[in-house]
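Okay, thanks for having me, everyone. Let's get the structure up on the screen and walk through it together.

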Amino acid sequence: MSLAPFIAGLPKAELHVHHVGSASPRIVSELAARHPDAGVPSDLERLREFFTFRDFAHFIEVYLAVVDLVRTPEDVRLLTYEVAREMAQGQNLRYAELTCTPYTSVVRGIAIEAYTEAIEDARVAAERDFGIVLQWIYDIPGESGIPAADATLAYALEHRTDALVGFGLGGPEIGVPRAQFEPHFSTARASGLRSVPHAGETTGPETIWESVRLLGAERIGHGCSAAQDPELLAHLAEAGVVLEVCPTSNVATRAVDRIEDHPLRTFVEAGVTVTINSDDPPMFATTLNNDYDVAASLLDLDERGVADLARAAVDASFAPAEVKARISAEIEAYAADAGRAHGRPTP
Ligand SMILES: [Zn+2]
């Protein structure tokens, strides 16, 4: 029996999903119509074709085209609000920690004050209109080095909003050693932000070790290469470091050759807590619902097992306690209803 209908109706939380990378063809069409000089088609059919995932180079092309369309604070507000709409209405998300890269907007001329106001305005409106709670993770675009790290830390400290909960590190891993960002993470953590760097997506387990030891990572974005190092897996399990697994993204970027080779099961068997995420869903031709479906088949899960994955994301989130309790209760009620519908005895 397909789990897709159960997954679609399951209330969920997502912890690893990028702001600009979540722009769907529909949202990009609106932005493209505002900025015709950018040369991005606003026709939805042509955009869908442009978005069709071909390879990693094409993903970068699409990503940069979207980055270039976000030019004003109003664009940031629209993007954020519409992404939240699609999360709530399309994926049944109740809560998301959206990874934002304010640096790329500020270098394009949006002042950090206006950027912050735009995302906050969208957050409040999205919670009111769609019932989804959003919080922010600011990530350092690693390829831009120390200047970007300095700037991102300053945005986080000097333009703090209550909804900013995490400090991250994205972009390429090769040639971007984690150690150089130790002071930034140390200051961010001292100010109460949680450490959530990407690591082990395109490099080996040593990057994950560095992220845990030097950056104080509480959750790791991807962490694929942890599967190569049993000692590291034992450490992650023991220390309660959570992996934000993005199965479809990992195949799209060739972090993993084929979905059948994905190390998700290895993580679970080692006792590591995993959460399921979609990363840059429209650009990798996926959705969070699809990634749950992929995870369910990799792990041979039934409905109860899928509900447990959803619970794990809530537990590993930085949501306020009352939000966690509310979503967990919703997940349990939904799973119990589905169980009754299948005539299973209820406890
Ligand atoms: Zn990511």
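So, let's start with a piece you can trace with a finger: β6, helix α10 (residues 205-213) and β7 together make a right-handed β-α-β unit. Quick reminder before we go further: this is a predicted model. Now, the two strands of that unit. β6 covers residues 198-199 and β7 covers residues 219-222, and 2 bridges join them, with the strands running parallel. If you want a spot to look at, find Ala 199: the residue standing opposite, over in β7, is His 222.

Okay, keep following the chain. What do β7, helix α11 and β8 make? Another right-handed β-α-β unit, with helix α11 spanning residues 230-239. Here β7 pairs with strand β8, residues 242-245, again in the parallel sense, and this time over 3 bridges. One pair to click on is Ile 220 and its bridge partner in β8, Leu 243.

Now let's swing over to the other sheet I want to show you. In what order do its 5 strands come? They go β1-β2-β3-β4-β5, the pairing is parallel, and the sheet is open. At the edges you'll find β1 (12-18) and β5 (194-195); each has a single partner strand, so one side of each is left without a neighbour in the sheet. Let's stay with β1 for a second. Its partner β2, residues 93-100, runs parallel to it, and 5 bridges join the two. Among the residues involved is His 18, whose bridge partner in β2 is Thr 99.

There's a helix to look at here too. Helix α8, residues 145-158, packs on this sheet and touches both β3 (133-141) and β4 (164-170). Compare directions and you get about 155° between helix α8 and β3.

Right, let's zoom out to the whole thing. How many helices and strands does the protein chain have? There are 16 helices and 9 strands. The radius of gyration is 19 Å, and the globule rule gives 20 Å for 347 residues; those are close, so the chain is as compact as a globular protein of that length. If you boxed up the C-alpha atoms along the principal axes, you'd need roughly 60 × 45 × 40 Å.

Two last numbers for the chain. Buried residues make up 48% of the 347. And if you take the contacts with a separation of 6 or more, 74% of them are between residues 24 or more positions apart.

That's my tour, thanks for listening!

Conventions: Residues numbered from 1 in each chain as written. Predicted model: local features only at pLDDT ≥ 70, side-chain atom pairs only at ≥ 80, totals over all residues. Helix = DSSP H or I, 4+ residues; strand = E, 2+ residues; numbered from the N terminus. Rg over C-alpha atoms; globule rule 2.2 N^0.38 Å. Buried ≥ 20, exposed ≤ 12 C-beta atoms within 10 Å, placed from the backbone. Contact = placed C-beta atoms within 7 Å. Pairing = 2+ DSSP bridges. Axes fitted to C-alpha atoms, helices over the stretch in contact; angles between N-to-C directions. Right-handed = clockwise from strand over helix to strand, strands pointing away.
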